[in-house]
Amino acid sequence: MLLYITLGLLVHFVFFASIFDIYFTSPLVHGMTPQFTPLPPPAKRLMLFVADGLRADKLYELDEDGNSRAPFVRNIIMNEGSWGISHTRVPTESRPGHVAMIAGFYEDVSAVAKGDLRSHIFTESYDASSEDFGAHDVTKLDTWVFDHVKEFFHAARNNQSLFSKVNEDKIVFFLHLLGIDTNGHAHRPSSREYSDNIKLVDKELKEIESTVKDFYGNDGKTAFIFTADHGMTDWGSHGAGHPLETCTPFIAWGAGIRLPQKVSAQKFDDSYLQEWKLENWKRQDINQADVAPLMAALIGVPFPLNSVGIIPVDMLNTSDLFKAESMFTNAVQILEQFKVKMTQKKEATLSFLFTPFKSLSDTKQANILRKARYYIKQKKYDEAVSLCRQLIHLALRGLAYYHTYDRFFLAFNVVLGFVGWTSYASLLIIKSHCNLMRGVSTEAKNPSRLLLCAFVAVGVSVTFFLLIQACPWTYYVYCLLPLPIWYAVLREIPVIQGFVTLLSTFPPRRFLGYLLLFILGVEVLVLSFFYRYMLTAGLVALAAWPFITALWTRAKSISLSWIFFCLLLAVFPLMPVVGRKPDIFLVVGAGLLVLLLSLFVVTSVIKRKDSFINEELVLHLLQMLSVVFSMCVVYGTHHSLLKKQGLPLLNQIVSWTILASSFVMPLLSPPVLFDRLFSILVSSMSTYLLLSTGYEALFPLVLSCLMFVWIHMEQETLQHSVVSCKQKVSTIQFACNTDAAQCRDLCLDDIRRAFFLVFFLVTAFFGTGNIASVNSFDPSSVYCFLTVFSPFKMGALIMWKILIPFVLVMCAFEAVQVTTQLSSKSLFLMVINVSDIMALHFFFLIKDYGSWLDIGTSISHYVIVMSMTIFMVFLNCLAQMLTTRKLSLCGRPKSHVI
């Protein structure tokens, strides 16, 4: 079993990692020649202001009194410069945004974990601990930046060395303003704090502009750009592709920037212009990567080598010759990337297999460049600009073509491995529990050597094929992994033949009915990733389960409980995504319900005189006390933060103590099935309350109640089946795991149980909308533990919050395995198979076209379901530990039951 789990984990890690080679490969290439505009630039220096997390609508719109939140910026739009919306890409995080603006290319999604870019840059920054979401005033993050810039220019007047450096040409001053993002996370973009921070930045912008102009003697050689790295949702998060996250403001003024243009009408797909009262001032939207070539042209530095941005020449206040030369330089710079990418791919592919990008042949490249140069000489600048723009679009299409050149080849091999692994896991289950090998001769059971030789020959051929093309080592993994998997499948030909024979005895209509039901169930699970209300439909369907079986007549009270909790749980997917509307009173209410339930259990323990144990009563009281502390901490922290007094130290200590104790408390309870499960629930709830901000605090409680009923329902199903049940649920202990002698053959109910588990896990995942996309991170959930920004600690806490409902479901599944007397290996294999079928489904749904919201969502869905499959192995181990291990108080010896 251990060997199989290890191999299974390895295979799934490979499948998971494949997404990064197929869709997330780095776009960078090397070996290009730097290109710059061969004319004097309009500016000597540039100041780039990046307001982290600033939404375009919040900057441009008027407040309820009809006044602008940013009067200085609005004055620039109307009188001094150019403006528009800068469209960002997924992931909408700070590092990818800064890279796009400064280097001109879009990093892959995995780049958000690579840290900051600080090479070859003189920096001055505050300590990371200053980013405190619970601080009294986080606008100090921005005032710190502006004050230090003013001090810098003041110091330069009295420092000759610094003065000479600052007066050099081709200098960029980069000011990163973090206050708006921090206020957005802490108070939401609709808050007064967010608006006040915008007003402060606008005021400071005016002062900085005045300081810079005075320092340089109003020489008119300074260009200014004000923009943002990403936006923010209404509920204070970012990372995905929602328009509120991808639409950021862009304002440019100063040297080389065109003055405002009055227009009578403008056509855009949105209604922003009318809402912002800016319909008469020309709006010029750009892509975020376009900022890089614009800055390069303004100060006369080479265009970034890997930039894919297109210079917005309509924003330039320069000669037509400069515009044409800049666009020509831009085209040559992007074409250089295309040539290097094509050469690399051509050298790494066998000549008879290489398929070039036909829309941009060498001849066509030369013709377009020659024609563009001719237009410039003839002073036909508009034609030259148009032709260069056409060449840029062709080169970008060619770059995308070669960037995804191996995608189909890799995807085919991954799918082959996926299907093979699912087939092998299914055969293992059938072989172990369907007795299909009875009467099969020994010769039939042993595969022929010819099969092994054939697979070895294929493996050698594939290796040689990859070797002569100098493919990366990961390609060998993706191409060779399916071979041993399919060899293991074909070794089980007798099992396959026996299974086909067994199916032939099954009534066709009944078989098709079950197959369609299974497909429908999987489709509901897949659709629930896109539409949460599908979980509601699924839970309503599950509520009808007792009516289509004999359970309704045999166990009416349990069936009614099942129907009630299914329908109650079905309400959660219909509610708004968690974090959008915090309600601390619902969190406290959930704590009170846990206490009431605990009191009921304590009363039953006291009444149980024959098995009364002081240790058990003490444990229950300690867990109740933990819940009370959690409620007090949540309430106290909430009010402290509302008063902007920060996170109280005592609350922080209590929170971390409760979190640590929640891992130990369940191990002190008796291993009796319901006693242990209830102890796990109460300990988990004490931590979950601390991580909750609203109605989601009720979710694990309702889910656990349904899990308790599910265990009873499965026991009732078993009692009326051919399998004899020797124990009542109330007396079963987790220590009494089913051994090999008790393992029984599979039945259709076992497939249903596996499907139920996957459905409950997906419900645990999406029931409150915690992680429906990449932008699920909401720092307000961890404010009871810390308020100072710490991505790894905060991420770990959020991950544990997500995993708590998982753990509750997996512990209940452990109980189902014990009560149904089926090998945990077989049930778990069926669960993994259902998950893998879903993962394969999402693999085919991954998009690299359409809106960035669609692309980001499709990728995140595959990553989520693959992560869920891998995590299930670890969660299964954690659930076994929580349910079977036993620690003792009062110095009694430890007892470990495996």
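A salt bridge is a side-chain nitrogen of Lys or Arg within 4 Å of a carboxyl oxygen of Asp or Glu. The legends below describe close-up views of a predicted model.

**Figure 1. R752 and D749 form a salt bridge in helix α30.**
The closest N and O atoms of R752 and D749 are 3.3 Å apart, which is within the 4 Å limit, so the pair qualifies. R752 and D749 are three residues apart in helix α30 (residues 748-766), and so they are separated by about one helical turn. Are R752 and D749 buried or partly exposed? R752 is buried, because its relative accessible area is 15% and the limit for buried is under 20%. D749 has a relative accessibility of 27% and therefore counts as partly exposed. The pair also belongs to a network: salt bridges with shared partners join E714, D749, D750, R752 and R753.

**Figure 2. E207 and K150 meet in a salt bridge between two helices.**
The N to O distance between the side chains of E207 and K150 is 2.5 Å. E207 is part of helix α8 (residues 192-215), while K150 is part of helix α5 (residues 140-157). The two residues are 57 residues apart in sequence, so their salt bridge ties together separate parts of the chain. E207 has a relative accessible area of 31%, which means that E207 is partly exposed.

**Figure 3. R55 and D57 form a salt bridge between two buried residues.**
The closest N and O atoms of R55 and D57 lie 2.9 Å apart. R55 counts as buried because its relative accessibility is 3%. D57 also counts as buried, at 14% relative accessibility. Across the model, the count of salt bridges comes to 22.

**Figure 4. E696 is a buried residue in a loop between two helices.**
E696 is located in the loop between α28 (673-690) and α29 (699-719). How buried is E696? Its relative accessible area is 0%. The side chain of E696 has polar partners, among them the backbone nitrogen of T693, at 2.8 Å. Another polar contact, at 2.9 Å, links the side chain of E696 to the side chain of K801.

**Figure 5. W562 belongs to the largest nonpolar core.**
This core holds 161 residues, and W562, F760 and M838 touch the most other members. Which helix gives the most residues to the core? Helix α31 (residues 791-820) does, with 18 residues. Leaving aside neighbours within four places in sequence, the residues in contact with W562 include W545, W710, F756 and F760. L542, A543, P546, L706, V709 and M713 are also in contact with W562. Elsewhere there is a second, separate core of 55 residues, which includes F250, M295, F338 and F354.

**Figure 6. Strand β5 pairs with β2 and with β4.**
Strand β5 covers residues 247-254, and seven of its eight residues are buried, so the strand is largely enclosed by the rest of the structure. Strand β2 (residues 81-87) runs antiparallel to β5, and seven bridges join the two. In this pairing G81 stands opposite W253 in β5. Strand β4 (residues 222-227) also pairs with β5 in the antiparallel sense, over five bridges. Here T227 stands opposite F250 in β5. F250 is also one of the residues of the second core. In a regular strand the side chains alternate between the two faces of the sheet.

**Figure 7. S661 and S686 are 9.7 Å apart in space.**
This distance runs from C-alpha to C-alpha. In sequence, S661 and S686 are 25 residues apart. S661 is found in helix α27 (residues 649-661). S661 has a relative accessible area of 22%, so S661 is partly exposed.

**Figure 8. The whole protein has 33 helices and eight strands.**
This view places the close-ups in context. The protein has 898 residues, and buried residues make up 55% of them. Its accessible surface comes to about 39800 Å². Carbon and sulfur atoms account for 63% of that surface. Among contacts between residues at least 6 apart in sequence, 80% join residues at least 24 apart.

Note on methods. Residues numbered from 1 in each chain as written. Predicted model: local features only at pLDDT ≥ 70, side-chain atom pairs only at ≥ 80, totals over all residues. Heavy atoms only, no water. Core = buried A, V, L, I, M, F, W, Y, C linked by side-chain atoms within 4.5 Å. Buried < 20%, exposed > 50% of the residue type's maximum accessible area, 1.4 Å probe, protein only. Helix = DSSP H or I, 4+ residues; strand = E, 2+ residues; numbered from the N terminus. Contact = heavy atoms within 4.5 Å. Polar contact = N/O pair within 3.5 Å; in protein donor to acceptor, adjacent residues only side chain to side chain. Areas by Shrake-Rupley, 256 points an atom, 1.4 Å probe, with all protein chains shown as cover. Pairing = 2+ DSSP bridges.
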